[in-house]
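Student: I am new to this structure. Could we go through it by asking what stands behind each term?

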Amino acid sequence: DVTWLDKQRVYVSWMEGATIMGAQVSKNGNIVRNVLAESSTARDSGFPQIEFASGQLILAWTDSESKTVMTKMIKLERDD
């Protein structure tokens, strides 16, 4: 998933196995990678969704064992 942080930066998320990864990517080429959360490799866990609001990244994903939506708020640091 991708969400705009401002006119100069985006935040990108992806899965690496069961790990939800993320990166803040700036127009000037800076990339700051993060491990966001652990999920599942099961197909029914879907793909994590991200949004940016009030200076925080909002991450949501499905826990395949409990069949519940999990959320996490992450305060982002500026990369410049």
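Student: How do you know that strand 5 and strand 6 pair, and in which sense?

Tutor: This is a predicted model, and what follows is computed from it. Two strands pair if DSSP finds at least two bridges between them. Strand 5 and strand 6 have 5 bridges and run antiparallel, so the pairing condition is met. Across this pair, Phe52 stands opposite Leu57 in strand 6.

Student: What makes strand 5 and strand 6 a hairpin, and what is said of Ser54?

Tutor: The two strands have 2 residues between them. Ser54 lies in the turn, with a positive phi of about 50 degrees.

Student: How do you know that strand 6 also pairs with strand 7?

Tutor: Strand 6, residues 56-63, is joined to strand 7 over 8 bridges in the antiparallel sense. At least two are needed, so these strands pair as well. One of the partnerships is Leu59 with Lys72 in strand 7.

Student: What is the strand order of this sheet, and why are two of the strands called edges?

Tutor: The order is 5-6-7 in an open sheet of 3 strands. Strand 5 (49-53) and strand 7 (68-75) each have a single partner strand, so one side of each lacks a neighbour in the sheet. Neighbouring strands here are turned by 20 degrees against each other on average, direction ignored.

Student: Which strands form the open sheet of 4 strands, and which of them stand at the edges?

Tutor: The order of that sheet is 1-2-3-4, with antiparallel pairing. Strand 1 (2-4) and strand 4 (31-38) stand at the edges, because each has a single partner strand. Strand 3, residues 19-26, is joined to strand 4 by 7 bridges. Among the residues involved, Gly22 has Asn34 in strand 4 as its bridge partner.

Student: What makes a group of residues a nonpolar core, and which residues are in the largest one?

Tutor: Members must be buried residues of nonpolar kinds, joined through side-chain atoms within 4.5 Å; buried means under 20% relative accessible area. The largest such core has 11 residues, including Leu5, Tyr11, Ile20, Leu36, Trp61 and Ile74. Therefore each of these counts as buried.

Student: Which elements give two or more residues to this core?

Tutor: Strand 4 and strand 6 do. Strand 6 gives the most, with 3 residues.

Student: What does Ile74 touch, leaving out residues up to four places away in sequence?

Tutor: Ile74 touches Leu36, Gly55, Gln56 and Leu57. Of these, Leu36 and Leu57 are also listed in the largest core.

How values were computed:
Residues numbered from 1 in each chain as written. Predicted model: local features only at pLDDT ≥ 70, side-chain atom pairs only at ≥ 80, totals over all residues. Heavy atoms only, no water. Axes fitted to C-alpha atoms, helices over the stretch in contact; angles between N-to-C directions. Buried < 20%, exposed > 50% of the residue type's maximum accessible area, 1.4 Å probe, protein only. Contact = heavy atoms within 4.5 Å.
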